Amino acid sequence: MAEPLRVIDFGCASPLRSQTLWHAIGYGVSAGAPATLSFTRPAAPYVCIGYHRGIEEVDHDYCRANGLPVFRRMVGGGPVYLDAGQLFFQVCLPARALPAARWQALSVLLEPAVTAFRVVGVPADLADELEICVGDRKICGHGAGQIEDAVVLCGNLIERFDHERASRVLAMADPDQRDQTLALMRRFVAATPVDPVLFQASMISAYAEALGLAAVPGELTGTERSAVAELDERFASAGWLLGPDRPAPAAGAGPCARQVKVRAGVWTFAATCDGAKVAASVVRGTVEQVRLRAGGLNGSTLGAERALTGVPLRSVAQVLAGFGDPGRRFAAAFATADPGRL
Amino acid sequence: MEQAGHLVVAGFPLALDRRYHVGTHMWVLLSEPGQARIGMDPLGIETSGTLAELSFVPVGTELIAGRPFGQLEAAKFVGPLVSPVSGIVLAVNDAAAIDAALTVRDPYGAGWLIEVSLSDAAGELPALLADPDEITTWFAAKIADYRRMGVIAQ
């Protein structure tokens with residue numbers, strides 16, 4: 001007889017609980033609770049940031065002014081905006097049940113979600129960087145992590161997506177970068193407004209079948225309920241929100257561009273070097289849109305912007321060499337962008 | 001074949017001057033008596049996905065073999081860096097925490113992770129692979145496994 005896949009539908013939960021409930025399951029599964037698939041929908045909008053990411057990536061003034069709490073999760077990825085238009089799922093297994101190679105473990109955990117999307121009529125694929133996509137549009141945000149001896153993967157069904165707010169909660173001092181980020185989000189992140197009840201049912205079937213488990217409705221154990229209380233306190237604390245200790249960059253390290261990833265291979269950056277300001281969007285290594293500002297370009301800014309549009313990021317310095325000293329300063333600003341840091 | 005003083009096995013560099021924990025792909029290089037530097041081998045890095053972030057426990061933390069000494073994030077997956085030995089953390093590699101790509105570029109050198117004072121060297125070191133022939137055989141077998149499973153490119 002197959003081992004159980006405990007299924008818990010938490011329904012609508014407060015922003016804090018929509019995080020702490022499934023983190024508690026991580027501790028429970030680590031302590032011996034069965035593999036679990038859970039669902040929750042945030043009762044109110046909020047912002048959540050990945051374990052390692054800098055808190056300065058969030059626009060806290062905007063969040064405060066709009067009543068959006070900010071929490072740090074224990075899984076990876078960047079800062080994201082969550083609201084009731086998104087149904088979140090979490091699958092949690094003992095680490096020993098998954099391949100040791102993390103890339104392979106992620107595939108095992110994501111493929112049933114792809115199946116579930118297809119069952120409800122969404123032609124999803126597992127694309128670059130293990131993102132769930134339809135064509136070139138990401139339709140599901142995900143993150144994964146190991147909590148003690150359990151691995152958890154979370155993701156979402158995006159029924160409605162507020163692109164404007166999702167970009168607005170991100171700290172971006174340059175208004176051109178903000179516009180470019182919003183444009184890329186609209187183009188590369190899509191909602192799939194399917195029936196959430198059908199999606200939930202197809203998720204349960206897909207995960208049970210793929211993992212060889214028997215789906216059974218369940219609830220939190222006593223250990224997990226205690227963990228929820230502890231996590232409520234931890235996640236609401238200022239210390240936890242700050243994140244793990246990170247060393248400061250070495251003295252003399254050059255400036256870094258502000259970079260925002262929209263999906264794999266799709267990102268924007270803004271940088272200033274010696275008075276030259278650059279905001280650009282990059283799609284699969286090519287500069288798609290660019291805005292330059294600096295003194296001394298004598299009206300040729302537009303020409304430089306045109307010359308850079310459609311150019312591979314690695315060839316930007318070569319193109320800007322034809323624009324004299326301002327071109328050199330723009331090239332230095334471009335050089336601070338690093339796709340390896342996304 | 002050798003590269004920068006390391007053997008190259010099926011395209012992956014392998015340093016034979018240290019010990020390996022086969023389950024975690026961590027290497028242990030004894031420095032002074034009772035002290036060791038710990039890092040991750042290139043195969044462990046490659047099978048994690050694109051390495052994005054590294055974070056470590058504070059200096060002075062007591063480590064237990066088999067438990068985490070930090071976290072690694074790759075492909076949005078945050079997972080533990082598992083210590084192959086017990087001891088006290090003497091140093092962490094801030095340069096790798098600032099730029100995780102350093103560990104990808106130079107896993108056996110500048111991309112080391114932590115240094116520890118060993119608390120049970122006599123009990124734990126014999127469990128690590130130390131014989132160069134055994135290390136090479138294990139490493140080659142793991143590469144073949146990962147390629148067969150499609151975890152790393154052919």
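Here is a walk through this structure, from the domains of chain A to its contact with chain B. Keep in mind as you look around that this is a predicted model.

Let's start with the overall layout of chain A. The domain assignment splits chain A into domain 1, covering 4-159 + 194-242, and domain 2, covering 258-341. Measure between the C-alpha centres of these two domains and you get 36 Å. Where they meet, 5 residues of domain 1 are in contact with 4 residues of domain 2. On the domain 1 side of that contact you'll find 4 charged residues and 1 polar one, with no nonpolar residues.

Now for the nonpolar core. The largest one has 143 residues, and the members that touch the most others are A:V47, A:I132, A:V152, A:M203, A:Y207, A:V278 and A:F330. Helix α3 of chain A, residues 102-119, is the top contributor, giving 9 residues to this core. Both domains of chain A take part, with at least three residues drawn from each of domain 1 and domain 2.

Two of those well-connected residues are good places to zoom in. Pick A:V278 to begin with. Leaving aside residues up to four places away in sequence, A:V278 touches A:A270, A:A271, A:V290, A:L292, A:F330, A:A333 and A:F334. One of these partners, A:F330, also appears beside A:V278 in the list of core residues that touch the most other members.

While you're in this part of the chain, have a look at A:T272, which lies in strand β14 of chain A, residues 266-273. Is this threonine buried or exposed? There are 20 other C-beta atoms within 10 Å, so A:T272 is buried. Skipping residues up to four places away in sequence, A:T272 touches A:K277 and A:A333. A:A333 is also among the partners of A:V278. The fold brings A:T272 and A:A332 to a C-alpha separation of 8.6 Å, although their positions lie 60 residues apart along the chain.

The other residue to zoom in on is A:V47, which stands opposite A:Y81 in β5 of chain A. The strand to follow here is β3 of chain A, residues 46-49, which pairs with β5 in the antiparallel sense over 3 bridges. Both belong to an open sheet of 3 strands with mixed pairing, in the order β4-β3-β5. Why do β4 (70-72) and β5 (80-82) each have a side without a neighbour in the sheet? They stand at the edges and each has a single partner strand, so one side is left free of a neighbour. Neighbouring strands in this sheet are turned by 30° against each other on average, ignoring direction.

Over in chain B, there's an open sheet of 6 strands with antiparallel pairing, ordered β4-β5-β6-β12-β11-β8. Its edge strands are β4 (19-21) and β8 (62-63), each pairing on one side only. At one of those edges, β8 of chain B pairs with β11 (residues 87-92) over 2 bridges, and B:E62 stands opposite B:I88 in β11.

Finally, the two chains meet in a contact that takes 22 residues from chain B and 24 from chain A. On the chain B side, β7 (51-56), β9 (68-74), β10 (77-82) and α2 (94-98) each supply at least two residues, and β10 gives the most, with 4. That side divides into 12 nonpolar, 6 polar and 4 charged residues. Strand pairing crosses between the chains too: β10 of chain A, residues 142-147, runs parallel to β10 of chain B, joined by 2 bridges. To spot it, look for A:G145, which stands opposite B:V78.

Conventions. Residues are numbered from 1 along each chain as its sequence is written. Chains are lettered from A and ligands numbered from 1 in the order in which they are written. This is a predicted model: local features need pLDDT of at least 70, side-chain atom pairs count only at pLDDT 80 or more; totals for chains, interfaces and linings use all residues. Domain bounds come from an automatic or database domain assignment. Two residues are in contact if their C-beta atoms, placed from the backbone, lie within 7 Å. Ala, Val, Leu, Ile, Met, Phe, Trp, Tyr, Cys and Pro count as nonpolar, Asp, Glu, Lys and Arg as charged, and the others, Gly among them, as polar. Two strands pair if DSSP finds at least two bridges between them. Axes are lines fitted to C-alpha atoms, for helices over the stretch in contact, and angles run from 0 to 180 degrees between N-to-C directions. A residue is buried if 20 or more other C-beta atoms lie within 10 Å of its own, exposed if 12 or fewer, and partly exposed in between; C-beta atoms are placed from the backbone. A nonpolar core is a set of buried Ala, Val, Leu, Ile, Met, Phe, Trp, Tyr and Cys residues joined through C-beta atoms within 7 Å.
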